[in-house]
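Let's take a friendly walk through this protein together. Have a look at the sequence and the structure, and then we can go through some of the features one by one.

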Amino acid sequence: MIIRKAKQRVANSKPVVLIAEELSPATMEALGPDFEVRHCNGADRGELLAALAAGVDAVLIRSATKMDAEAIAAAKGLKVIARAGVGLDNVEIPAATAAGVMVVNAPTSNIVSAAELAITLLLASARFVSPAHAALRAGKWARSKYTGAEIFEKTLGIVGFGRIGQLVAARMQAFGMNVVAYDPYLAPARAAQLDVRLVDLDELLRVSDFITIHLPKTKETANLIGEEALKKVKPTVRIINAARGGVLDETALYNALKEGRVAGAGLDVFATEPCTDSPLFELDNVVATPHLGASTDEAQERAGIAVAVSVRKALAGELVPDAVNVKGGAIHEEIRPSLPLVEKMAQLATTMGGELPASMSVYVRGDISEYDSTILATSALKGALIAVGSEDVTYVNAPGLAAERGMTSTVTTDPESPLYRSMISLHAALPNGKTVVVDGTLMGIRKVEKIIAIDKFDLDLPPTANLLFLRYGDRPGVVGTVGSVLGKAGINIGGMQVSRNEEGGEALMAITVDSPLSSALVASVQKETGADFVRSVTLVS
């Protein structure tokens, strides 16, 4: 029997959540009463490190707190870094992953706010709102100086047609604009559904009257709109960047504006922030804001609530859809209930096999095979590692821990499932050359977990916490003997099933019991029954 060690928190203590920056009251409400909440000034490095070293389970931050390798190493026991917003420039994700710390953000919290600000900058640039306002405040009535441009029937070019770009397109189409977009990763059919024509970047630059940028900054996108690109645009074009600084080359933009090759610009982000001194700010045809894309009450509240919910899920041991450093990406709702099932199947296969598998193959069959189920490979790794006593195993560090032990897992899908609408089969290949096969499914509308076979012995077994398995030659009296031994030991049987390959052949007995079984009791069962194989299994949820 595999012996499992388990860490236990001091009785009655609550998980500690560190709030390192000011968050909305709704964030605290979403966290609820189940946590000990501490506060610190995350921008103060010494204060942050001291607060982390005091022991925390989760830390909630915005953009001013730097969670780098030093901070992560200081936070022993840290499980979650939650960024109440989208950008993760201030989180060292590789260091977090190596430490098994889940990193979550709120990727959709500010998309409406960001889209609305981009539109605000576009309209303000088109009508010289900023300089006209400044002139009026200075006592000047400069109507003739600030003649702008209409946007009706003009062409808007959107660089990066993701969620924010699509929101901008829908809103500007209501203004009567024609929209083209550049996005090498988007299917043309999706753009066509939105009445937007996908074009290459050169054509977008050539035909657009207004250009909005909605791209992250990467090696590929750095200075994408630079000197060469700005030679291809109309001299009447106005360019808006409310996405990330550094995608638009600020020096090249300044030169184009000064030389009359670009008519105007609206900027919310800059290559270096905070930015309070730029030659662009001297130009009347530039309207600028200090990175206000997510700065609305609604966006801050959505972000805070989203990460608070993610923290609750993560500290409860659930997988979080917005975790950025978990292999498998977004998890479909039809796949999510299978995660704990596969974990238990892997625990069962590993314990039945008596050692850590060398590899595991997860076969997803039937209706659920149409969804992305790659995350189930990580579920299998996590379950196997838990079964051999690995501590603090998470969806974040399970792949790395498995790789250190030379264990791999794969997922294969098959739309055919003759007996069930959907089922999963886990094949655990052991180092000794043997294989343990565990089949499972989710039954009914409530998705009840069931083990339906082990090594081709049919079962209808709920994967409860404590199980006992016997494999033996089919003969009378074994059931009674097992019941007698367990009864004398004060072990209550919840359920018992016997499956056999043929009358008088080999049989598998599966028993659910109400409490764990000692190794001495397991040995007694084997001695009294003469079974070839007896194994107790304790499943960790």
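## A sheet of six strands

In this predicted model, six strands form an open sheet with mixed pairing, in the order β14-β13-β15-β16-β17-β18. Which strands stand at the edges? They are β14 (408-414) and β18 (457-461); each has a single partner strand, so one side of each is left without a neighbour in the sheet. On average, and ignoring direction, neighbouring strands here are turned by 20 degrees against each other.

Let's zoom in on one pair of strands. Strand β16 (residues 435-443) and strand β17 (residues 448-454) pair in the antiparallel sense, over six bridges. Here V438 stands opposite I454 in β17.

## Helices on the sheet

Which strands does helix α13 touch? This helix, residues 338-353, packs on the sheet and touches β13 (359-366), β15 (422-429), β16 and β17. The direction of α13 makes about 155 degrees with that of β16.

Helix α14 (residues 375-387) packs on the sheet too, touching β13, β14 and β15. Its direction makes about 140 degrees with that of β14.

## Aromatic pairs

A pair of aromatic rings is described by the distance of the centres and the angle of the planes. How many aromatic pairs are there? The count comes to two.

One pair is F128 and Y146, which is tilted: 6.0 Å centre to centre, with 40 degrees between the planes. It links distant parts of the chain, 18 residues apart: F128 is in the loop between α5 (111-126) and α6 (129-137), and Y146 is in the loop between α6 and β6 (155-159). Residues under 20% relative accessible area count as buried, so F128 is buried at 15%, and Y146 is buried at 14%.

The rings of F270 and F281 have their centres 5.6 Å apart and their planes at 90 degrees, so this pair is edge-to-face. Both residues lie in the loop between β11 (264-267) and β12 (286-288), so the pair ties together parts that are eleven residues apart in sequence. F270 counts as buried, at 6% relative accessibility, whereas F281 is partly exposed, with a relative accessible area of 34%.

## Strand β19 and a charge over a ring

Is N466 buried or exposed? N466 is found in strand β19 (residues 466-473) and is buried, with a relative accessible area of 10%. Leaving aside neighbours within four places in sequence, N466 is in contact with several residues, including I511, T512, V513 and V537.

Finally, look for R471: its charged end sits over the ring of F533, 5.9 Å from the ring's centre.

Notes:
Residues are numbered from 1 along each chain as its sequence is written. This is a predicted model: local features need pLDDT of at least 70, side-chain atom pairs count only at pLDDT 80 or more; totals for chains, interfaces and linings use all residues. Side-chain values use heavy atoms; hydrogens and water are left out. Two strands pair if DSSP finds at least two bridges between them. Helices (H or I, at least four residues) and strands (E, at least two) are DSSP runs, numbered from the N terminus. Axes are lines fitted to C-alpha atoms, for helices over the stretch in contact, and angles run from 0 to 180 degrees between N-to-C directions. Contact means heavy atoms within 4.5 Å. Buried means under 20% relative accessible area, exposed over 50%, partly exposed in between (1.4 Å probe, protein chains only). Rings of Phe, Tyr and Trp (its six-membered ring) pair if their centres lie within 6.5 Å; planes under 30 degrees apart count as stacked, over 60 as edge-to-face and the rest as tilted. A charge sits over a ring if NZ of Lys or CZ of Arg is within 6 Å of the ring centre and within 35 degrees of the ring normal.
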